[in-house]
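Dear colleague,

Here is the structure I promised to pass on to you, with the sequence alongside. Below it I have written out what was found, so that you can follow each point in the viewer.

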Amino acid sequence: MVGRVPAPKCPMSWGLAVDGAGNVYIADSANGRIRKVDTSGIITTVVGGGTQINVRDGAAANTLRFTPADVAVDISGNLYVPNRGFVYRVSGVASAGPPPAPPSGSVTKTVSAAGQQSGPVAPESIVIASGSHLATSSATADLDSPGTTLAGTTVKVTDSNGTTLQALVLSVSSTQVTYQVPAGLAVGAATATITAGDGVSATTTLQIAAVAPGLYTLKSSGLVKGYALRISNGNTFIEDVFEIDATGSVIARPITISNGDQVYLIVYGTGFRAAGGDMSATVGGIGAPILYAGPQGVQPGLDQFTILLPPELATGGPQVVQIVLTAGGQIANAGNVTVQ
């Protein structure tokens with residue numbers, strides 16, 4: 001069948017084209033023919049050479065002898081031949097090309113959302129998977145009440161017992177998916193499958209551990225994300241541990257330690273809620289009592305711990321001190337605060 005399409009919309013090869021099966025088509029402008037050289041080397045004439053070809057032009061059916069100078073083949077196996085200001089599409093002659101490769105997704109790494117460290121992940125912790133084609137668009141869930149589908153993307157985790165559970169999805173983009181590891185997974189090797197809204201899936205392996213502590217910190221400074229709670233003369237005050245200056249930079253706000261006040265530090269993280277009482281903390285190398293450690297209570301996957309800052313930290317001028325959290329025998333990434 002031959003059909004006519006406007007010439008500007010069809011890119012042409014100059015006198016030579018190859019179809020999906022490897023057959024070669026040569027425009028013989030001197031003789032007004034299109035010759036086909038198949039993969040066996042046999043040459044035939046497929047257009048022209050005095051052969052009458054039925055052409056539909058509007059409502060009229062006419063015959064046309066082609067005088068080609070160029071030829072092209074599309075992925076569906078149609079030949080395109082120019083003639084007198086038009087390009088004619090000739091179907092049923094060439095072989096279609098192979099179908100385009102289906103899109104594929106991949107996960108290159110999975111890390112704790114707090115601290116960005118790789119390694120084992122804990123049930124109910126928040127993790128970030130990085131890769132390609134993980135979502136068809138970018139979106140962020142309501143972090144207080146996320147669902148198992150976001151912008152069409154889902155995450156399923158199959159544990160070492162063969163149990164498959166769906167994860168809560170917190171944010172998605174084509175290259176990153178943040179999700180909460182499902183509760184109830186068995187310790188050991190697991191498989192996570194991320195499926196984008198178009199059905200493309202990417203699979204990776206995880207190592208599930210009962211506890212995998214991580215602290216949320218500001219990357220530029222290592223400052224922990226949290227706040228201080230001061231009780232002074234029976235009054236309670238909330239104090240930030242960092243602030244944004246006029247240039248947009250994050251700077252530490254020193255926490256004043258005095259013998260007359262009780263100052264507590266509330267720090268956010270993930271992956272340590274299952275440690276229970278098997279936790280300890282030091283601030284500036286000094287042991288700090290842990291008053292609470294467990295779920296933050298609002299955002300799924302978010303943990304927090306509350307410690308009493310030791311009065312020994314009151315040494316005069318501002319100093320940066322490191323916070324070291326140990327949960328279930330595992331040490332979290334380090335964070336810091338400034339005290340005075």
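To begin with one residue pair, T140 stands opposite S171 in β16. Please keep in mind throughout that this is a predicted model. The pairing of those two residues belongs to a wider arrangement, in which β13 and strand β16, residues 168-172, run antiparallel to each other and are joined over two bridges. Both strands are part of an open sheet of five strands, in the order β11-β12-β17-β16-β13, with antiparallel pairing. At the edges of this sheet stand β11 (106-112) and β13 (139-140), and because each has a single partner strand, one side of each is left without a neighbour in the sheet.

Strand β17, residues 176-180, is where T178 is found. With a relative accessibility of 12%, T178 counts as buried, the cut-off for that being under 20%. If residues up to four places away in sequence are not counted, T178 touches I126, V127 and I128, and also L168, V169, L170 and S171.

A second open sheet is made of four strands in the order β15-β14-β18-β19, and here too the pairing is antiparallel. Its edge strands are β15 (164-166) and β19 (201-208), each of which pairs on one side only. On average, neighbouring strands of this sheet are turned by 25 degrees against each other, direction ignored. Strand β18, residues 188-195, pairs with β19 in the antiparallel sense over eight bridges, and T191 can be found opposite T205 in β19.

Turning to the interior, the largest nonpolar core has 27 residues, of which I255, L265 and L309 touch the most other members. Two or more residues of this core come from each of β25, β26 (279-283), β29 (303-308), β30 (319-327) and β32 (335-339), and β30 gives the most, with four residues. Leaving aside neighbours within four places in sequence, L309 is in contact with I255, I257, V263, L265 and V283. Apart from this core lies another, of 23 residues, among them L134, A167, I194 and L206. As general background, nonpolar side chains in soluble globular proteins tend to be buried together.

Strand β32 deserves a closer look. Five of its five residues are buried, so β32 is largely enclosed by the rest of the structure. G335, V337 and V339 point one way from the strand, while N336 and T338 point the other way, and all are buried. In a regular strand the side chains alternate between the two faces of the sheet. The pairing of β32 with β30 is antiparallel and extends over five bridges, with T338 in β32 as the bridge partner of V320.

How many aromatic pairs are there? The count comes to one, and this pair is formed by F272 and F305, which meet edge-to-face at 6.0 Å centre to centre, with 70 degrees between the planes. The pair links distant parts of the chain, since F272 lies in the loop between β25 and β26 and F305 in strand β29, 33 residues apart. Both F272 and F305 are buried.

Among the loops, the one between β24 (250-252) and β25 (262-270) contains D261. Is D261 buried or exposed? Its relative accessibility is 19%, and as the cut-off for buried is under 20%, D261 counts as buried. The side chains of D261 and S232 are joined by a polar contact of 2.9 Å. Beyond its neighbours within four places in sequence, D261 is in contact with R230 and I231 as well as with S232.

Finally, two residues have backbone angles that you may wish to look at. Most residues other than glycine have a negative phi. A151, although it is not a glycine, has a positive phi of about 50 degrees; A151 is placed in the loop between β13 and β14 (154-158) and, at 30% relative accessibility, counts as partly exposed. N233, likewise a residue other than glycine, has a positive phi near 55 degrees. The loop between β21 (226-232) and β22 (235-240) is where N233 is found, and at 75% relative accessibility N233 counts as exposed.

With best wishes

Technical notes: Residues are numbered from 1 along each chain as its sequence is written. This is a predicted model: local features need pLDDT of at least 70, side-chain atom pairs count only at pLDDT 80 or more; totals for chains, interfaces and linings use all residues. Side-chain values use heavy atoms; hydrogens and water are left out. Buried means under 20% relative accessible area, exposed over 50%, partly exposed in between (1.4 Å probe, protein chains only). A polar contact is a pair of N or O atoms within 3.5 Å; within protein, one must be able to donate a hydrogen and the other to accept it, and residues adjacent in sequence count only if both atoms are side-chain atoms. Contact means heavy atoms within 4.5 Å. A nonpolar core is a set of buried Ala, Val, Leu, Ile, Met, Phe, Trp, Tyr and Cys residues joined through side-chain atoms within 4.5 Å. Two strands pair if DSSP finds at least two bridges between them. Rings of Phe, Tyr and Trp (its six-membered ring) pair if their centres lie within 6.5 Å; planes under 30 degrees apart count as stacked, over 60 as edge-to-face and the rest as tilted. Axes are lines fitted to C-alpha atoms, for helices over the stretch in contact, and angles run from 0 to 180 degrees between N-to-C directions.
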